[in-house]
Amino acid sequence: MRIPSPLLAFASLVALVLPASAENVLRSSSLAACQVNSGFTASLFDVIFTPNNNTVAINMIATSSIEGHVIFDIRISAYGYEFMHTTMDPCKSNLPGLCPMTAGDMSNPFILPVTPSAANSIPGIAYSFPDLDATVRILVNMTDGDQAGQSIACVEANISNGKTVDLIGVKWAAAAVAGLALVASAVVSGLGFSNAASHVAANTLSLFGYFQAQAMIGLCGVPLPPVVASWTQDFQWSMGIIKVDFIQDILTWYQRSTGGTPSTILDSIQNVSVQVEKVKRALPMLKPGLSLFRRAAALLPNPIVTQAATLAKRANVQTFFGSYIVYGIQRVAFRAAIESTNLFMTGLTFFYIFVVLAALCVSLFKGFCELSAKLGWIKRDTFADFRNGWLTVLKGVLFRVTLIGYPQMVILCLWEFTQIDSPAEVVLAVFFFFGMTGVLAFSAFKVMRLARRSVALHKNPGYILFSDPQALNKWGFLYVQFRASAYYFIIPILGYTLVKGMFIALAQAHGSVQAVAFIIIEVAALIAASVLRPWMDKSTNSFNIAICAMNFVNAIFLFVFTDVLGLPPLVIGVVGVVLWIANAAFSLILLLMLIVTTTLVLFNNNPDTRYQFMNDDRTSFMKSQTHFHTNPELDALGATARASGMWQKPALDLDDDGSSMSGPANMPLPASGSNSARNSLYSNSDAHAIRPQSHGAAVRPRPSSTFRAPSPFTSSRAPSPFAGNSSIAGSSSSGGHQSQTQRANHTSATPWQRGAGYD
């Protein structure tokens with residue numbers, strides 16, 4: 001077999017600088033043209049150097065149009081630092097077939113030997129440092145003819161050693177810690193330790209949000225250094241981007257059956273190179289190809305032009321010499337071994353699976369609790385609140401899952417609007433984007449309405465939000481992590497997620513715009529978190545402010561990668577390594593904090609005591625296993641509001657207003673002084689709202705008996721509500737519906753005695 005001499009020369013030059021996985025190898029999987037009208041192009045380029053036997057395996061599909069005497073200008077750089085610059089005259093080096101060069105084609109693989117001296121010149125760190133960012137650039141300059149002194153070809157090869165920080169173990173560890181912490185918070189909450197459960201859940205959701213922020217960096221259309229692209233790939237599972245072979249087969253079939261055309265970049269990778277964009281020069285190389293496409297399209301009939309434009313919009317970006325370039329969302333899909341046309345459905349499928357599993361787990365746990373109580377494995381009052389109102393809890397869990405999956409669905413749905421993989425997928429994108437946005441907006445509106453009603457009636461937004469079990473279990477996912485007075489902060493968070501997702505999905509071809517938008521968004525989030533400090537306590541605020549600060553630093557790093565400032569390549573390479581090290585250390589610290597906190601909560605007999613009570617008095621309003629006794633009068637007021645669950649509906653209540661607006665906590669306090677306000681939950685005008693069947697025992701006078709003395713409180717009790725309207729009009733709700741005069745005579749009673757009628 002005759003090997004064309006120009007191709008042999010290029011392969012040899014690249015082989016000299018290729019370093020090498022468990023077995024040391026150095027590899028280049030793409031050869032990019034770095035100038036327009038390059039005389040040497042390759043649609044497939046795969047070179048592997050193995051130092052153990054000093055051989056280079058080469059597989060290329062390339063074409064050379066160079067003829068004449070040339071000089072090779074060779075530049076080798078690592079992390080932007082050019083450590084070798086040399087020229088080589090093939091005539092002086094006695095390279096056969098290169099003096100002069102002749103045109104030729106190549107499509108067959110072959111193996112070349114490498115001299116020991118060349119192999120020993122490669123530093124050992126090149127084989128071990130993860131995600132090596134090394135590049136070989138070769139310029140071919142003519143020395144004779146009309147083009148003497150001009151560069152007629154430029155090729156560039158990226159080099160990898162097979163070591164990477166994109167590790168399956170990191171993905172499983174991060175997912176396992178976050179998942180187990182959420183489960184632990186649910187179990188602790190079911191046992192009645194609501195204070196500890198809310199702290200664990202708040203920190204877990206914040207950590208999960210940080211993971212999603214890391215994934216969003218990888219989804220941006222900004223050129224990323226290899227180590228940054230690999231690091232962000234570790235967290236793409238949080239966006240539902242998970243490769244499962246049989247699911248991919250089903251999604252490809254679904255797309256074809258609904259009128260779509262799946263991409264085949266992964267199927268053609270054996271014949272076509274794929275360049276993962278890491279430098280700014282990749283996209284300008286598209287201009288000749290786009291110009292050629294426009295000129296060719298001008299000669300075609302209009303229907304064909306329209307169809308071609310549609311296909312070009314959906315297809316992966318392809319250079320004029322045949323190889324592909326992937327960046328942004330397509331880069332993430334390619335690295336995950338998922339066809340870009342399947343990416344939207346992959347994220348949607350795993351979100352749906354997550355929703356189904358959450359609902360199934362809650363239902364199975366309900367059945368297990370009932371069976372265990374029946375068989376005597378657990379006490380009958382264990383998880384009593386969950387067992388009585390499990391359908392309301394289920395609704396709250398599904399709302400929380402919707403909130404967790406909202407960032408990924410915003411990005412993927414909006415991106416699908418630009419891709420149009422198939423008409424059916426666009427319909428799904430419309431349904432899930434507007435549906436989830438509407439559900440979360442409605443939930444936020446409900447929280448705002450409840451809080452404002454609580455302020456109007458009780459001068460405290462936390463009264464209804466935390467004393468009403470229906471509201472807490474159903475809507476608490478939006479506000480329980482915040483202090484009561486910052487219940488509104490969920491609205492800025494939803495807006496932050498929506499705006500950030502819009503820039504990622506809709507500005508894929510404008511990386512600089514994305515980077516600037518990220519800086520503005522993240523600095524606004526950091527200022528808001530630092531000034532308002534809306535989370536429930538000091539430790540949770542510190543946890544979240546630290547995450548906001550790291551996200552802001554990452555946004556600055558992302559802007560550096562755009563190369564808008566014209567920084568030296570070495571600076572960009574170093575910043576990429578710094579981003580990886582800083583975020584890896586920060587993630588490890590957050591994970592360890594969450595692991596330690598969750599472990600201490602699970603193995604503590606009274607985990608609520610580990611956390612100081614919140615200043616918003618929620619511990620006085622919430623029904624918990626732990627009684628802090630911080631304010632006896634507020635405790636009595638909360639007990640009265642809860643009424644020990646007597647007014648809570650155990651079944652699913654589809655009337656949201658009725659379920660969260662009709663309980664005792666929603667009845668106004670009397671307009672009298674502060675003492676009477678604490679002594680009574682209801683005003684005279686609202687006494688008729690009390691349900692006789694719920695509180696009849698509290699207002700019915702004790703029957704007389706010959707075996708006991710009359711009750712000393714008989715004279716202070718109002719007649720039964722059934723006795724007549726006049727008694728109802730003059731009754732109140734605290735301590736057995738006392739009249740205004742009678743209530744004044746008992747202001748010296750303890751708060752627990754005054755609230756005894758409801759707790």
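**Sheet, salt bridges and surface in a predicted model**

Me: Does D73 count as buried or exposed, at 10% relative accessibility?
Reply: This is a predicted model, so the value is computed from its coordinates. D73 has 10% relative accessibility. The cut-off for buried is under 20%. D73 therefore counts as buried.

Me: Which residue forms a salt bridge with D73?
Reply: The closest N and O atoms of the pair are 3.8 Å apart. The limit for a salt bridge is 4 Å. The partner is partly exposed, with a relative accessible area of 28%. That partner is R75.

Me: Which strand pairs with β5 over 9 bridges?
Reply: Strand β5 covers residues 70–78. The pairing runs in the antiparallel sense. Within it, V70 stands opposite M142. The partner, residues 134–142, is strand β9.

Me: Over how many bridges do β5 and β6 pair?
Reply: β5 and β6 are antiparallel to each other. In this pairing I76 stands opposite M84 of β6. The number of bridges between β5 and β6 is 7.

Me: Which residue takes a positive phi in the hairpin of β5 and β6?
Reply: Most residues other than glycine have a negative phi. The hairpin of β5 and β6 has 2 residues between the strands. The positive phi there is near 55 degrees. It belongs to Y79.

Me: What is the strand order of the open sheet of 5 strands?
Reply: The pairing in the sheet is antiparallel. The edge strands, β2 (31–33) and β6, each pair on one side only. From one strand to the next, the twist averages 20 degrees. The order is β2-β10-β9-β5-β6.

Me: Which residue in β10 is the bridge partner of A33?
Reply: β2 pairs with strand β10, residues 151–159, in the antiparallel sense. There are 3 bridges between β2 and β10. The bridge partner of A33 is V155.

Me: With which side chain does the side chain of E156 make a polar contact?
Reply: E156 sits in strand β10. At 7% relative accessibility, E156 counts as buried. Its side chain makes a polar contact at 2.6 Å. The other side chain is that of R137.

Me: Which residues are linked with D166 in a network of salt bridges?
Reply: K171 forms a salt bridge with D166, with the closest N and O atoms 3.1 Å apart. K171 is partly exposed at a relative accessible area of 22%. D166 is buried at 19%. The residues linked with D166 in the network are K171 and R335.

Me: How many residues apart in sequence are the parts that E370 and R387 tie together?
Reply: The side chains of E370 and R387 meet in a salt bridge at 3.3 Å, N to O. E370 lies in helix α10 (residues 343–375), and R387 lies in helix α11 (residues 384–388). The salt bridge therefore ties together parts whose separation in sequence, in residues, is 17.

Me: Does R387 count as buried or exposed?
Reply: Its salt-bridge partner E370 is partly exposed, with a relative accessible area of 30%. R387 has 11% relative accessibility. Buried means under 20%. R387 therefore counts as buried.

Me: How many salt bridges does the structure hold?
Reply: Among them are D73 with R75, K171 with D166, and E370 with R387. For the structure, the number of salt bridges is 9.

Me: Where does K459 lie?
Reply: K459 has a positive phi of about 60 degrees, although it is not a glycine. At 71% relative accessibility, K459 counts as exposed. K459 lies in the loop between α13 (423–458) and α14 (462–467).

Me: What is the phi of R533?
Reply: R533 is in the loop between α17 (511–532) and α18 (538–561). Its phi is positive, although R533 is not a glycine. The value is about 45 degrees.

Me: Which elements give two or more residues to the nonpolar patch?
Reply: The patch is made by Y81, F83, M84, L570, V574 and V578. Its area is about 530 Å². The elements that give two or more residues are β6 (81–88) and α19 (569–602).

Me: Does V578 count as buried or partly exposed?
Reply: V578 lies in helix α19. Its relative accessibility is 38%. Partly exposed falls between 20% and 50%. V578 therefore counts as partly exposed.

Conventions: Residues are numbered from 1 along each chain as its sequence is written. This is a predicted model: local features need pLDDT of at least 70, side-chain atom pairs count only at pLDDT 80 or more; totals for chains, interfaces and linings use all residues. Side-chain values use heavy atoms; hydrogens and water are left out. Patches are made of residues with over 30% relative accessible area and no salt bridge: like charges are joined within 9 Å, nonpolar side chains (Val, Leu, Ile, Met, Phe, Trp, Tyr) within 5 Å. Accessible areas come from the Shrake-Rupley method with a 1.4 Å probe; for residues, only the protein chains shown count as cover. Helices (H or I, at least four residues) and strands (E, at least two) are DSSP runs, numbered from the N terminus. Buried means under 20% relative accessible area, exposed over 50%, partly exposed in between (1.4 Å probe, protein chains only). Two strands pair if DSSP finds at least two bridges between them. Axes are lines fitted to C-alpha atoms, for helices over the stretch in contact, and angles run from 0 to 180 degrees between N-to-C directions. A polar contact is a pair of N or O atoms within 3.5 Å; within protein, one must be able to donate a hydrogen and the other to accept it, and residues adjacent in sequence count only if both atoms are side-chain atoms.
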